[in-house]
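The exercises below are meant to be worked through with the model open beside the text. Please try each task before reading its solution.

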Amino acid sequence: MKSRLQIQSSGRRGAGRRLAASLGTLFALTLWLVWGCSVNPVTGKNELSLMSAAQEVEVGKEGHQAVVSEYGVYPDAALSRYVDSLGHALARVSHLPNLDWHFTVLDDPIVNAFALPGGYIYVTRGILAHLNSEAQLAGVVGHEIGHVTARHGAKRATQQQLTGLGLGVAGLLSSTVREYSQAAQTALGLLMLKYGRDDENQADELGVNYSTGAGWDSREMPGTYELLARIGARSGSTLPGFLSTHPDPGDRQVRTTNLSRAATAGKTGLIVRERDYVRRLNGMVYGSDPRNGYFEGAMFYHPEMDLQMSFPSGWQTQNSAQAVLAVKPDQKAGLQLTLANTNGLAPAEFVAELQRQGKLAATNGSGASIGGFPAWSGVATVPKADGSTARIVLAFVRRAEKTVLQLSGSSAVPGDADETALLQSIRSLRAISDASKRNPAIPRLSVIGAPRSGSFQEVLNAIPNQTLGADETAILNNRQLDQPVQSGESIKVVRSGAR
């Protein structure tokens with residue numbers, strides 16, 4: 001949780017399928033007549049789309065605010081300007097050079113890049129850390145620009161509407177996301193959908209063309225996909241964000257190799273800038289940033305908010321930009337810590353206001369002091385859409401003048417041991433007692449010259465004070481452990497230091 005909390009019978013079946021297909025065709029034709037023809041900027045062909053170009057811009061604009069709130073922007077102005085400049089250079093040679101493009105570096109360790117309709121492109125610090133040349137970054141950003149220019153987001157939105165699934169529904173989104181506008185919910189819903197094989201192939205081709213057209217060497221792109229595959233294999237069943245939404249359409253490395261060779265044939269002076277790019281990463285936070293909260297076992301610490309809290313032992317925990325979550329392994333109980341906007345009301349006054357508005361059906365609690373801070377804690381019943389109510393454990397703790405913590409949880413049986421554990425956990429919240437926990441070591445990239453020549457493994461052995469294993473460091477540098485390295489070559493390692 002970030003302290004700035006931009007608070008996640010065969011014959012009959014055959015006849016039925018034919019009827020469904022006929023009705024689907026009729027429905028699509030009706031929509032075509034109602035909405036009219038939409039020209040794809042890349043192909044120049046008419047296509048059915050339930051999202052106009054103006055709506056794409058609205059979805060992107062509204063969605064951008066939600067994405068920034070969910071993930072946060074990486075606080076490095078120079079790096080942001082660099083990525084923005086590179087992105088606009090690519091956009092100028094795209095099929096939509098006059099679109100109002102936006103390029104944002106997100107403060108997230110996941111290896112990912114994605115796009116929203118209307119010209120909003122995002123790269124995480126996680127993927128920036130793993131790239132090793134400016135041309136690789138150009139390929140990634142060019143690929144995402146391709147998703148926008150080819151209107152793949154609008155296509156996915158149309159497909160969802162035609163199949164009756166919709167976007168932005170509560171089942172797809174976390175409770176915090178439901179507070180956003182419909183356009184923003186649509187945008188965030190799109191981020192959770194996978195691109196199809198054809199869309200990925202087209203975005204790969206456009207990425208090659210755009211990066212080459214803007215002067216970068218697109219022959220760097222196949223190595224990027226090799227890198228992503230290595231990260232996926234290393235992480236086991238949990239794929240990096242990019243591969244989860246940008247699945248390999250098949251033989252991606254071979255295909256992009258052939259595309260880039262054709263695109264660069266006869267061209268000279270194409271940009272790689274490997275060392276210049278890598279040096280820009282020096283000092284970048286790597287992995288999870290403990291300043292935004294971290295766990296040590298069941299104990300959660302948030303240095304910037306100066307709070308600690310003990311969660312139930314053995315529960316699964318997660319810290320995100322929006323909330324801290326703890327869930328019992330059998331899924332029968334859970335607890336969430338987030339921030340609340342009380343409009344200046346004291347905790348007890350805010351609970352009374354929620355009850356007056358009908359957001360709380362009933363409460364059984366009182367004003368209290370938790371960890372020395374003004375608070376309200378107890379149990380409450382919450383109205384549900386079907387007319388029934390649900391019992392929750394609830395607390396509001398005023399941590400500072402404008403910072404109120406909201407803790408809410410539930411268990412399968414009212415008053416059971418799990419509910420008792422929830423209450424105990426809530427009452428454990430207090431200021432950090434161990435001063436050392438307020439100043440955790442922050443893992444950062446350190447870009448250094450190789451101290452000697454030899455295999456990558458031998459070079460790593462000669463570099464002191466590393467906090468990342470050899471295999472992960474090799475992936476970080478797009479190297480193999482037995483690959484030769486020359487003295488002085490730029491190497492990225494991870495070291496931890498004080499904030």
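**Exercise 1.** Does Asn343 count as buried or exposed, and what is its relative accessibility?

*Solution.* In this predicted model, the place to look is the loop between strand 11 (333-340) and helix 13 (347-356), where Asn343 sits. The relative accessibility of Asn343 is 64%, and the cut-off for an exposed residue is over 50%, so Asn343 counts as exposed. As a further step, consider the backbone: Asn343 is not a glycine, and yet its phi is positive, at about 55°. Most residues other than glycine have a negative phi.

**Exercise 2.** Find the loop that holds Asn478, and state how far this residue is exposed.

*Solution.* Asn478 lies in the loop between helix 16 (470-476) and strand 18 (484-485). Its phi is also positive, near 55°, in a residue other than glycine. With a relative accessible area of 24%, Asn478 is partly exposed, because this class covers the range between the 20% and 50% cut-offs.

**Exercise 3.** Describe the surroundings of His152, beginning with its place in the secondary structure.

*Solution.* His152 is found in helix 6, which spans residues 152-162. The relative accessible area of His152 is 1%, and the residue is therefore buried. When residues up to four places away in sequence are not counted, His152 touches Gly146, His147, Tyr195, Asp199, Gln202 and Ala203. With one of these, Gln202, the side chain of His152 makes a polar contact of 2.7 Å.

**Exercise 4.** Where does the largest nonpolar core lie with respect to the domains?

*Solution.* Start from the core itself, which has 54 residues, with Leu128, Leu137, Val141 and Ile145 making the most contacts inside it. Domain 1 (48-281) and domain 3 (443-496) both give residues to this core, so it lies between them. Then take Leu128: apart from neighbours within four places in sequence, its contacts include Leu79, Val83, Val105, Val123, Leu137 and Tyr277. A second, separate core has 25 residues, among them Met305, Leu307, Trp315 and Ala333.

**Exercise 5.** How many bridges join strand 12 to strand 13, and in which orientation do these strands run?

*Solution.* Strand 12 (residues 362-370) and strand 13 (residues 373-383) are joined by 9 bridges and run antiparallel. To follow one bridge, begin at Thr363, whose partner in strand 13 is Ala380. The two strands form a hairpin with 2 residues between them, and in the turn Gly371 has a positive phi of about 65°.

Technical notes:
Residues are numbered from 1 along each chain as its sequence is written. This is a predicted model: local features need pLDDT of at least 70, side-chain atom pairs count only at pLDDT 80 or more; totals for chains, interfaces and linings use all residues. Side-chain values use heavy atoms; hydrogens and water are left out. Two strands pair if DSSP finds at least two bridges between them. Helices (H or I, at least four residues) and strands (E, at least two) are DSSP runs, numbered from the N terminus. A nonpolar core is a set of buried Ala, Val, Leu, Ile, Met, Phe, Trp, Tyr and Cys residues joined through side-chain atoms within 4.5 Å. Buried means under 20% relative accessible area, exposed over 50%, partly exposed in between (1.4 Å probe, protein chains only). Domain bounds come from an automatic or database domain assignment. Contact means heavy atoms within 4.5 Å. A polar contact is a pair of N or O atoms within 3.5 Å; within protein, one must be able to donate a hydrogen and the other to accept it, and residues adjacent in sequence count only if both atoms are side-chain atoms.
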